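Here's a look at how the inside of this protein is put together: cores, rings, charges and a pocket. Have the viewer open and follow along.

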Amino acid sequence: MNWEFSMPVKIYFGTDKVKELPQIIDSMGLKNGVLVCSKTLKNNGTAEKIIKDCCGRITAVFSDIRPNPTTDNVNSCVAVLRENNAEFAVALGGGSPMDCCKAACAIARGQDEIESYHTGGKKIWAGETIPMIAVATTSGTGSEITNISVLTDMKKGVKTPMNDPLMYPKAAIVDPRLTLSVPPRVTASTGLDVLAHALESFWSILHQPICESCSLHAARLVFVYLYKAYTEPDNLEAREKMAEASIVAGVAFSNPRTTGSHACSFPLTNLYGVPHGEACALTLDYFTRYNAEAENGRLHRFARDCGFEDAYKMADAITELKKKTGMALTLSDIGVKTDEEIEKLTELSMHPLLEKNPIPLGYDDIKQMYHSIK
């Protein structure tokens, strides 16, 4: 087996670690930054507290970001970074602010808009970038430690990830206390995204030993602590363990990437507004069963290490976890009503991520999958 591993992000993990943000900024020799966050965090006072604690190190805020960021959001963020001659940016929130900020920081010192890089094929060069510090407020996407930014180009009707080694954040703060206010439904959705990262990176054809170990550790934590975090939102131990699972699963898929569930999540989100993690979870149990016998049944060993009899029992546990947390179980649950809609979903699910699945996934396979969960 030949493999590579790279993870250049310095991680600061622990309760109240966000208090160290000013010192982290100083350690990087930076002075003038922009805070990138959601409107919710701007309006509820969280952003204001971060700015106040940073004592002048942050001079502007950008919060015009959709839950699934668009290229227009990124271009607007880039404009703010350029107008303020920002030396750095702090991304506060979940995957959407981080994905927007990552892409914006990657081209902030250049002249182009993000479309040139997102779907236009242009390569990022170091002279265009400014450093980003990620501060996670959800336990799900792992975006704080990856070089991946998933963006929607509304004009082209395309949602797809972009990535580059220059897009890694310089530092990530993971403070479980920041996740205590996350609503139960978001806790469930983002937590299932963690599980998708863990499982898909494990069965990806690009799997490798370091990431496999992280996949297993993250999945174990999710199966034990997600429902507890969902039902006991103030349980700091459960929040801490889910934050740990998120960051470890981020490491897990940073190199192998994801496969079928993530490929299918893009049109589910674009067309039906399903939150990303819930969209991944909709097909995750199906793909767990589909991939159970791949590569001499290595997923069965993974399942046993997670405490299940085999991969099929693990898939049943995923289904049950979705039921208990109120996630969608069928296409009809999200508003898909016709065979024509399934045809459209199938067409839009034909994404390069499918090529990383251990068992080939063609058009007919995805169509059959969708019909099986309608």
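Does Tyr286 count as buried or exposed, and at what relative accessibility? Bear in mind that this is a predicted model. Tyr286 comes out at 18% relative accessibility, and since buried means under 20%, Tyr286 counts as buried. Phe287 is buried too, with a relative accessible area of 1%.

**Aromatic rings**

The structure holds six aromatic pairs. Take Phe223 and Phe308: their rings pair edge-to-face, and both residues are buried. Phe223 belongs to helix H8 (residues 209-231), while Phe308 sits in the loop between helix H12 (294-305) and helix H13 (311-324), so this pair ties together parts that are 85 residues apart in sequence. Tyr286 and Phe287 also make a pair, and it is edge-to-face because the planes of the rings stand at 90°. Add Tyr290 to Tyr286 and Phe287 and you've got one aromatic cluster.

Here are the two pairs side by side:

| Pair | Centre to centre | Angle between planes |
|---|---|---|
| Phe223 and Phe308 | 4.8 Å | 75° |
| Tyr286 and Phe287 | 5.7 Å | 90° |

**Charges over rings**

Some rings have a charge for company. The charged end of Arg298 sits over the Phe202 ring, 3.9 Å from its centre. Likewise, Lys324 puts its charged end over the ring of Tyr227, 4.2 Å from the centre of that ring.

**The cores**

Now for the nonpolar packing. The largest nonpolar core has 72 residues, and Leu195, Leu199, Phe302, Leu331 and Tyr370 are the ones with the most contacts inside it. Apart from that core lies another, of 32 residues, including Met98, Ala104, Met162 and Met167.

Which residues does Leu195 touch, once neighbours within four places in sequence are left aside? Leu195 is in contact with Ala219, Val222, Phe223, Leu284 and Ile318. Phe223 is a familiar name here: its ring is the one paired with Phe308.

**The second largest pocket**

Finally, some empty space. The second largest pocket holds about 350 Å³. It is lined by 22 residues, and those closest to its centre are Gly157, Val158, Lys159, Phe266 and Asn270. Which elements each supply at least two residues of that lining? They are strand E6 (148-153), strand E7 (158-163), helix H10 (260-272) and helix H14 (339-348). H10 gives the largest share of the lining, six residues.

Note on methods
Residues are numbered from 1 along each chain as its sequence is written. This is a predicted model: local features need pLDDT of at least 70, side-chain atom pairs count only at pLDDT 80 or more; totals for chains, interfaces and linings use all residues. Side-chain values use heavy atoms; hydrogens and water are left out. A nonpolar core is a set of buried Ala, Val, Leu, Ile, Met, Phe, Trp, Tyr and Cys residues joined through side-chain atoms within 4.5 Å. Buried means under 20% relative accessible area, exposed over 50%, partly exposed in between (1.4 Å probe, protein chains only). Contact means heavy atoms within 4.5 Å. Rings of Phe, Tyr and Trp (its six-membered ring) pair if their centres lie within 6.5 Å; planes under 30 degrees apart count as stacked, over 60 as edge-to-face and the rest as tilted. Helices (H or I, at least four residues) and strands (E, at least two) are DSSP runs, numbered from the N terminus. A charge sits over a ring if NZ of Lys or CZ of Arg is within 6 Å of the ring centre and within 35 degrees of the ring normal. On a 1 Å grid over the protein atoms alone, a cavity is a set of points where a 1.4 Å probe fits but cannot get out, and a pocket is an open set with protein on both sides within 12 Å along at least five of seven lines; lining residues have an atom within 4 Å of a point. Grid points are joined across faces, edges and corners, and a volume is the space filled by probe spheres set on the points.
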